[in-house]
Amino acid sequence: MEVRVEGLVKRYGRVLALAGVNHVFPSGALTAVVGPSGCGKTTLLRVLAGFVQPEEGRVWMDGRDVTGVPPQARRCALVFQNYALWPHMTVFDNVAFGLRLQRLPASEVERRVRETLALVELDRVPGIERRRPKELSGGQQQRVALARALAVRPGLLLLDEPLSNLDAKVRQRVRGEIRTLQRRTGITTVYVTHDQEEALSIADDLVVMDGGRIVQSGRPEEVYAHPEDPFVAEFLGSTNVLNGTVGPDGRILPSSEGRLLFRAEDTAVWPAGQSLPPDYAWAPAEVVDCLFLGHVYRAYVRLGDTVVLADTKARVGPGQVVVAVPRDRLLIFSGSEPAARR
Amino acid sequence: MNRWERWGWTLAALPAVLVLLVTFGLPLAQSLAASFVRDGRPTLENYALVYRLYRQDVLYTLGVAAAGVLLTFACGIHLAGYFRLRAWPWVEFLLKVPLFVPFVVTGHAMRVFLQPSGTLSLALGALGLVAPGTRLGLGEGWLGLVLALTWKHLALVVLLLVGAFRAVDDSYLEAAQGFGAGYLRQTWAVLVPMSATPLALACVLTLTSMLGSFSIPLLMSRGSGPQMLMIDLYYRFGQHGDFGVASALGVISYVLASGAVYAYLRSVAR
Amino acid sequence: MRSPSPSLLGLVGRAALGALVLVAVVGPLLSLGLWSVAERWHWPAPFPQQVGMKYWSRMLQGDPLRALTRGVTIASVTTVLALAMAVPVAYLAARRRLPAGPLALALFILPQAFPQLPVFASATVLFYRWNLAGTVPGVVLIHLVGGLVYAVWTLTAAFRSIGPELEEAAQNLGASTTRTFFRVTLPLAMPGVVASAILVFLHSLDEFNGTLLVGAPYVTTLPVYMYTASLGYELQIASVTALVLMVPGVVLLLLLERFLRAEYLAFFGHL
């Protein structure tokens with residue numbers, strides 16, 4: 001199902017949750033919508049599900065205008081952040097709920113429930129369909145929620161922060177499983193998350209939102225490598241922000257004209273006085289502190305009145321150093337203008 | 001808190017305990033004891049008299065209370081579900097009004113409203129819904145009593161149920177709504193089972209309150225036919241001066257109320 | 001954030017429901033209002049033949065006025081006594097320092113669970129023995145049963161909502177528990193204390209069962225007066241009295257609806 005939204009506007013009181021959102025969610029693809037909390041991503045998801053009516057704008061599904069259509073008539077299935085599994089119903093009854101409302105015969109309901117439980121690989125747990133949600137692990141609950149959504153064979157699957165209630169290890173695994181499941185079923189999927197790593201790893205199509213607007217969208221690799229906007233760059237991991245420009249000799253000069261963004265992992269720390277390769281931007285600096293993070297050391301380096309982070313293989317002692325960033329990893333923005341690389 | 005302060009505070013708490021012991025604990029114990037005593041001798045005669053004179057009234061009381069609970073919850077569940085799903089503050093507010101109308105006032109208002117020549121008969125006659133001059137006999141029998149008890153208790157039940165229903169997260173309802181569940185199915189398949197405990201509690205409290213209702217039936221009854229248990233008790237005590245049989249009636253009402261006693265004690269234990 | 005689907009059926013149903021609730025709730029109260037101003041109303045006229053304030057003006061003199069002032073006096077005394085006695089119990093209960101805690105608390109909830117009438121009838125027998133029947137102190141005592149229950153539970157909730165760390169901060173600086181209570185806890189709990197006082201006052205003002213048994217015929221408060229009038233088919237007098245009895249509660253509902261917590265409101269259901 002191809003989903004298209006045009007000019008969506010929604011206010012909550014004086015807060016503009018959606019400030020004119022346009023996008024095409026490609027059929028059969030997994031689109032990840034990512035942004036900080038309050039950016040409007042959940043509102044967008046709820047507009048797609050039909051739980052929220054936009055004040056302006058339209059929603060098309062496969063060319064049909066569904067803007068005023070109530071949730072139950074949209075062939076959308078939403079997986080809630082807290083799963084919203086009804087605690088008083090068994091796993092079977094939860095998954096069967098939508099099918100029974102379609103008045104399918106009991107044998108067909110039974111067949112479809114088993115088929116869907118098998119799809120999310122819950123059929124390996126014997127007797128699980130007779131258990132209640134409380135008796136399941138977080139990961140299992142997540143799969144039941146997916147099964148409940150998929151059982152009605154929706155045209156559009158909506159996932160609202162589906163992994164936020166799982167602990168870190170399970171999250172990695174379930175993320176992969178959702179990806180596999182989406183590939184296998186080919187259901188058009190919109191996946192909302194605040195976690196940029198999760199979004200990058202799972203998406204065919206990445207949408208970054210801020211302040212009720214889509215600030216950039218595209219293939220995840222493309223967006224990661226070429227952020228068009230300081231916000232996107234910062235959100236996707238460029239933690240270091242300097243007000244400055246790069247001089248002809250590669251030296252970083254403080255300036256209010258431009259902004260330089262770069263990632264901690266791209267930042268090198270060299271002893272002061274070492275000769276510098278030509279394709280680096282650099283500046284003299286002073287190491288303030290150095291923390292051991294496990295896989296790397298993270299150095300806190302003072303550069304003028306700013307502290308930047310640099311990930312290094314070895315511990316760097318306090319004192320004068322040179323901070324260097326490969327030029328092709330340096331994002332340079334002038335004022336609030338869109339990106340001009342190098 | 002040092003030892004002296006502890007003593008001081010405990011001493012200060014004592015009067016309240018003493019007052020309740022004297023005005024509630026002692027009378028309760030006395031009525032239990034008196035129900036087994038007649039003419040100064042221990043006996044079961046009081047209960048035999050209750051069986052002979054009042055067994056129909058016990059059944060009548062149970063019937064009225066059960067019908068009242070059924071009607072109250074049939075209305076209460078649907079109203080509370082409606083308020084939960086489609087907010088409607090002014091109607092919700094309106095329904096709270098009887099909460100602040102004392103039982104006696106309710107009894108009198110319902111008597112004026114429902115009695116055969118009451119304002120309901122007049123209003124329906126004036127609107128042409130019944131022939132003018134019709135005397136609807138709602139107020140005198142069990143039905144009028146059930147309506148009056150429901151009127152008074154519905155406010156509290158809706159208040160408790162709306163509170164319980166509001167505690168159910170939106171997502172559970174939206175999940176059902178997304179599959180096409182309407183207002184009725186969302187209420188009965190999601191809200192009611194997810195609020196089973198407060199619902200049962202409200203049910204027990206309403207039942208006990210209706211079983212022990214006194215002022216509403218006192219003002220509405222016409223003095224013949226079956227009576228509510230508390231009315232029997234009042235006349236047995238006040239007019240016949242028969243404390244023994246009145247106490248036996250009281251003990252029966254304690255037994256009927258044991259559900260509420262259990263529910264309250266459990267809430268204290270928590 | 002639910003979007004209502006304004007179908008015609010839904011709108012008609014909503015209007016019908018609203019109208020039904022309005023008629024069902026307001027109807028009985030409206031008929032009280034009609035009767036209170038009906039100087040002459042012969043059946044089966046739908047409206048009184050003669051309307052006037054005769055019976056309202058009677059409210060301001062003689063027996064009803066006496067019943068009103070007496071009721072207010074009794075309610076005031078009951079409120080002061082109930083609060084003074086309930087505060088220590090509630091505070092100890094809130095800090096889980098009540099000796100024999102659960103047992104003592106059970107005493108303060110059981111009057112809610114048991115049917116009142118048989119207990120009050122039995123209390124009346126005792127009060128006769130102690131020469132308290134038919135006296136104002138006797139009526140105050142019987143009002144204290146409900147009053148103490150309401151006061152203890154609302155005050156316990158109020159004290160419990162004040163974090164113990166606020167008290168610990170004061171004690172840490174050397175204040176005694178008692179001093180801390182009067183300087184920190186009680187002022188912070190004031191809204192709860194006021195709500196509790198209103199609740200007890202209303203309870204006493206509206207109390208009927210105990211007053212009828214213990215007080216009548218010597219101590220008459222408004223509810224008992226209304227009952228006597230209604231039973232004697234003085235419907236106008238009874239209706240005026242009923243409306244007067246409703247005033248404090250309804251005013252409270254209108255003013256405080258927003259501020260009264262649901263658990264306080266729930267207590268009113270037992271009045």
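Start at the contact of chain A with chain B. Select the two sides: 17 residues belong to chain A and 14 residues to chain B. Now keep only the chain A side. Two elements, β6 (76-79) and α2 (91-101) of chain A, each supply at least two of its residues. Colour this side by class and you get 13 nonpolar, 4 polar and no charged residues. Keep in mind that this is a predicted model. The predictor gives the complex an ipTM of 0.88 and a pTM of 0.84.

**Chain A: two domains**

Stay with chain A and show it alone. Select 3-228 for domain 1 and 238-334 for domain 2. Place a marker at the C-alpha centre of each domain; the two centres lie 40 Å apart.

Zoom in on the sheet formed by β11, β12 and β18 of chain A. This is an open sheet of 3 strands, in the order β11-β12-β18, and its pairing is antiparallel. Select 240-246 and 331-334 of chain A to light up the edge strands, β11 and β18, each of which pairs on one side only. Look across the strands next. On average, neighbours in this sheet are turned by 45° against each other, with direction ignored.

Now focus on one strand pair. β11(A) and β12 (residues 252-262) of chain A run antiparallel and are joined by 7 bridges. For one bridge, pick A:Val241; its partner in β12(A) is A:Leu261.

**Chain B: two crossing helices**

Switch to chain B. Select helix α2 (residues 45-85) and helix α8 (residues 183-194) of chain B. They pack at an angle of about 100°, and their axes are 10 Å apart. That angle falls within 65 to 115 degrees, so α2(B) is roughly perpendicular to α8(B).

Which residues of α2(B) meet α8(B)? Show B:Ile77, B:His78, B:Gly81, B:Tyr82, B:Arg84 and B:Leu85. On the α8(B) side, show B:Tyr183, B:Gln186, B:Thr187, B:Leu191 and B:Val192. By class, this contact has 6 nonpolar, 4 polar and 1 charged residue.

**Chain C against chain B**

Bring chain C back beside chain B. Their contact takes 75 residues from chain C and 79 residues from chain B. On the chain C side, α1(C) gives the most, with 11 residues. Colour that side by class: 59 residues are nonpolar, 14 are polar and 2 are charged.

**Chain C: two domains**

Hide chain B and select 8-51 of chain C, which is domain 1, then 55-268, which is domain 2. Their centres, taken over C-alpha atoms, are separated by 33 Å. Where the domains touch, domain 1 of chain C contributes 5 residues and domain 2 of chain C contributes 8 residues. Select helix α1 (residues 8-37) of chain C again. This helix supplies 4 residues, the largest share of the domain 1 side. The domain 1 side divides into 3 nonpolar, 2 polar and no charged residues.

**Last stop: confidence in chain C**

Colour chain C by pLDDT. The average is 84, and 92% of the residues score at least 70. Where in chain C is confidence lowest, and where is it highest? Select helix α14 (residues 262-268) of chain C for the lowest, at a mean of 54. Then select helix α6 (residues 116-129) of chain C for the highest, at 94. Where pLDDT is low, the predicted coordinates should not be read in detail.

Conventions. Residues are numbered from 1 along each chain as its sequence is written. Chains are lettered from A and ligands numbered from 1 in the order in which they are written. This is a predicted model: local features need pLDDT of at least 70, side-chain atom pairs count only at pLDDT 80 or more; totals for chains, interfaces and linings use all residues. Domain bounds come from an automatic or database domain assignment. Two residues are in contact if their C-beta atoms, placed from the backbone, lie within 7 Å. Ala, Val, Leu, Ile, Met, Phe, Trp, Tyr, Cys and Pro count as nonpolar, Asp, Glu, Lys and Arg as charged, and the others, Gly among them, as polar. pLDDT is the predictor's confidence in each residue, from 0 to 100. Two strands pair if DSSP finds at least two bridges between them. Axes are lines fitted to C-alpha atoms, for helices over the stretch in contact, and angles run from 0 to 180 degrees between N-to-C directions. Angles under 35 degrees count as roughly parallel, over 145 as roughly antiparallel, 65 to 115 as roughly perpendicular and the rest as oblique.
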